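Grab a viewer and work through these exercises at your own pace. Each task comes with a step-by-step solution.

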Amino acid sequence: MEYNFREIEKKWIKFWSENKSYKTIEDASKEKYYVLDMFPYPSGAGLHVGHPLGYIASDVIARYKKLEGFNVLHPMGYDSFGLPAEQYAIQTGQHPAITTDKNIERYRDQLNQMGFCYDWDRAVKTSSPEYYKWTQWIFKQMFNSFYDLSEDCTKDIQQLVSHFDVKGSDGIQAHQDEHIEFTASEWNVFDHKQKEAILQCYRIAYLSESQVNWCPKLGTVLANDEISNGLSVRGGYPVEQKVMKQWSMRIKAFAERLLNDLDQLDWSDSLKEQQRNWIGKSQGASVSFQVSSNNDRRIEVFTTRPDTIFGVTFIVLAPEHELVLDIVGEAQKDAVTSYIEKTANRSERDRQSDVKNITGEFTGAYAVHPFTGKEIPIWIGDYVLATYGTGAVMSVPCGDQRDYLFAKKFDIQIANIFKDTDISNCAHEEKTGVITSSEFLNELDIQKAIIRSIQEIEHRGIGKGKTNYRLRDAVFSRQRYWGEPFPIYFVNETPFLVDDENLPIELPAVDKYLPTEEGEPPLARAQKEQWNHSQGDRMDFNTMPGWAGSSWYFLRYMDPHNEQEFVSKEKVDYWQNVDLYIGGSEHATGHLLYSRFWTKCLFDLKFIPFDEPFKKLINQGMILGRSNFVYRINGTNSFVTKDKRKEYETTAIHVDISIVDNDLLNLEKFKNWLPEYKDSTFILDDNGNYLCGYEVEKMSKSKFNVQTPDDLVVDYGADTLRLYEMFLGPIEQSKPWDTKGISGVHNFLRKCWRLYCSVDGTSIVSDENPSKESMKTLHKTIKRVREDLNRFSLNTCVSSFMIAVNEFTEQRCHSKEVLEPFIILLAPYAPHFCEELWEKIGHASGSLFDSQFPVFKEEFLIENAYEYPVSFNGKMRFKVELPLSLKQEEIKTAVEEMELTTKWLEGKEPKKVIVVPGKIINFVV
RNA sequence: GCGGAUGUGGUGAAAUUGGUAGACACGCUAGACUUAGGAUCUAGUGCCGAGAGGUGUGUGGGUUCGAGUCCCUCCAUCCGCACCA
């Protein structure tokens, strides 16, 4: 009987499920290994072939580690809060939970048919109350914490309160929004509301009036990483700036640790670099400039080049800067206000793309240079961003090209402070050279001048050395329905935490999933009694963003049913952090950063024993689709084959890849595909075929190029698909999907099957002694596969399997001593196939995965001869087999005496002969 | 502009520390068997050349007995960030 993958796969999936083969329990006697996939958002479209790439890889590693004797945690779950289900709910009125559960079921089926070894008992979904109870609980911990700068650690907010009680704000070293000074006696007479307002400036999870990215079309705020080019990532709608009261997470406090700890992670350079970029550390100084007409007004600037302080000839404020309207002169008022309006009306996108056009206005006010005492003009300009640094810059036209161009355009003085440097054409931006015309900095090179200038700035009390980060606190509320409700109620608009015993705060029922008439979030529609907790005046109407649940889910897998804790100490001590995390790189600055932040926070609060969630990370590449096109002759319903399209005016139209085979269009299926093509006519090529065009692009519904794994599993089986996806190339690389190659892998499995079974399906594996060659093939393969798996080179393993099967076939090997270990080697890739053969060769009960991964033995590879490549001037000319026992000199003599050597030397005397025993011989002529 | 990654046959790709470039597959060519089938088997397949041979890992250079691999230059593609002070 031929290899019947359909029956085999069905049989073993049932077996695994009935025997709970993948149930994982903590076992202190075994070393743990935690392999994690980024859990999917269960969308309505189901999985396409790109999804399983990472899942297959992690499954291969999980199974390998299991066979190596590790206790492997390999779970799967669903990131099930999110916009699509909610949009669907708005359109249909169906509760998002129903849609979500339906999609989850589909995902579960699709994942199951791939033969993944997940312990489904540990599955979590972020939208279930049992799960989000703990998301809410973690939020509470973050609400109850502040960041202590003296110890660089998250601490209980009560410690801060105790300090306030005794010393007021004096001596506080905590990460905060703005410095507020008060004495202990002042603090002690503040009412609750006042105290809470101050505490909000310190809490890790805090409420603040902040400028947010508001997307009117989605009716919600978005985080920076949810926006691309001024449009929402989801939906592509315009985004505008708006001031709203929002929950935020004080991730900025962790900036330095998030940056430094990257060094200890085994992540790709590009990903680490993306995070470094996102955190955007820059060092320099903040300097304060006094406004000359107005003694109590000061402008704070941040600079990375305090050494250029004597080159400052003007100040530029962002148009939105709070000081602008206070200092503007009467004569300039109209021009300035109209400029502010103009920039406010321009979308962020316009402002960014229009870099060439230099605009600005003089405010009429002057600032006093802190060292020279000279008056310098204050301008506003939209090249200064309100959201970075202090929203103000000290302009040094001789050292900064933007300042230079601004000064040229508006005819502002340019002072040169670089010795022997020509700045007549452009600014000197390099950090090299010597400073001049700068009093105490004269004759210092720039590096020394930076240090000296900071000393002096601090000494004179006009500023201080400062590190600035681009990273901003993360906005943590969304005006949406389908997310975690906050465990917060308000009394007199002051937030209070819901008690632990009232968690979870479940999503209340609402009549519609839309904002209220008053513009309140959908949750405001819920009647007070529909909340399972209703203290205070009202509950918080916001919900948490998508990344709330995904920031800690890897912890919940360790202890998914614990009703007392988010994870027990015992279990988290055992499983520790994730050893291998596989997922897409699109989460570089979102999920992966937030998750690191939450982990550090939970570590500081002593809930977990590690401060990085994911030790090693692999970003699987994207599998691109191969789209097909038909060419419609413009203005007709007639389609021309690819080769003849140049003869007509045509439009290329995406056509569903399921009705195209090998680029040949099935005309009947095409006519039935969409109603508008029912009466199409065709101009065919000379063979009577319609040839389609193709292109490699991202898989998407609209391009009709989505390849689902389901069809391939039906046609070839899951084992073939698993092997094929791994065989395609290195896991990190993006590659086009091409179904053609799949037959090669399928043939490999069939060929392999024939080593074990005769035509009637009975085992032909025997107890005969294996040949030396077969043992060599086996151990060569064991060596390679082990090495490759250890460095996650999953594609080359497949090649090794193919080579081994080709060699075994040639050797007519049917020896159990060889074929039994081989089937274990292959099992992580083709689990159903291998289980079946395992059973056939005499393991009547149990699973192959309870056995052990074969161990490599050097002795089988020991050779006594080697075929030496002989090269002349580095070019290989011929090969010669020589005993490996020969010494270097003996090899040399033997080769020199050969006829072929004489031929290639062409009568010349070799200058030198390099002999590397066991490797190569090289004549230098 | 800054940063990161990648450039090898017709295609996907191998080559772990410098040591036979193109393993393993797909595709293609020829042949065999054929109830013409998108099946199976055999042989060939980097390029130029009838052949001997020459040549070849994006470009140009360097180090080395020897470079796809190390160093420098430039080019191209992809990704991320970007008036970041």
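**Exercise 1.** In which order do the strands of the open sheet of 3 strands lie, and what is the pairing?

*Solution.* A few ground rules come before the walk-through. This is a predicted model: local features need pLDDT of at least 70, side-chain atom pairs count only at pLDDT 80 or more, and totals for chains, interfaces and linings use all residues. Residues are numbered from 1 along each chain as its sequence is written, chains are lettered from A and ligands numbered from 1 in the order written, and side-chain values use heavy atoms, with hydrogens and water left out.

- Step 1: the order is β19-β18-β20, and the pairing is antiparallel. Strands here are DSSP runs of E, at least two residues, and helices are runs of H or I, at least four residues, numbered from the N terminus; two strands pair if DSSP finds at least two bridges between them.
- Step 2: β19 and β20 each have a single partner strand and stand at the edges, so one side of each has no neighbour in the sheet.
- Step 3: β18 (residues 488-491) and β19 share 4 bridges in the antiparallel sense, and Ile488 stands opposite Leu497 in β19.
- Step 4: look for helix α5 (residues 129-143), which lies across β18 and β19 and runs at about 120° to β19. Contact means heavy atoms within 4.5 Å, and angles run from 0 to 180 degrees between N-to-C directions of axes fitted to C-alpha atoms, for helices over the stretch in contact.

**Exercise 2.** Inspect two loops for backbone oddities.

*Solution.*
- Step 1: go to the loop between β19 (494-497) and β20 (538-539), where Pro504 lies. The peptide bond from Leu503 to Pro504 is cis, with omega near -5°.
- Step 2: move to the loop between α14 (401-410) and α15 (446-459), home of Asp411. Asp411 isn't a glycine, yet its phi is positive, about 60°.

**Exercise 3.** Which strands stand at the edges of the sheet of 4 strands, and why is one side of each left without a neighbour?

*Solution.*
- Step 1: write down the order, β32-β31-β34-β33, for this open sheet with mixed pairing.
- Step 2: β32 (875-883) and β33 (912-916) are the edge strands; each has a single partner strand, so one side of each lacks a neighbour in the sheet.
- Step 3: on average, neighbouring strands of this sheet are turned by 20° against each other, direction ignored.
- Step 4: β33 pairs with β34 (residues 920-924) in the antiparallel sense over 5 bridges, and Ile914 has Asn922 in β34 as its bridge partner.
- Step 5: add helix α28 (residues 888-896), which lies across β31 (865-872), β32, β33 and β34, at about 125° to β33.

**Exercise 4.** How many residues surround RNA strand B, and which are the closest?

*Solution.*
- Step 1: there are 53, and the closest are Thr304, Tyr388, Leu728, Glu787 and Lys879. A residue is near the strand if one of its heavy atoms lies within 4 Å of it.
- Step 2: sugar and phosphate make up 60% of the RNA strand B atoms that come within 4 Å of the protein.
- Step 3: helix α25 (residues 794-811) gives the most to this surface, with 6 residues.
- Step 4: pick out individual atom pairs. A backbone N or O atom of Leu385 sits 2.8 Å from a base nitrogen of RNA strand B, while a side-chain N or O atom of Asp382 is 3.3 Å from a base nitrogen. For Lys903, a side-chain N or O atom is 3.3 Å from a phosphate oxygen.

Note on methods:
Polar contact = N/O pair within 3.5 Å; in protein donor to acceptor, adjacent residues only side chain to side chain.
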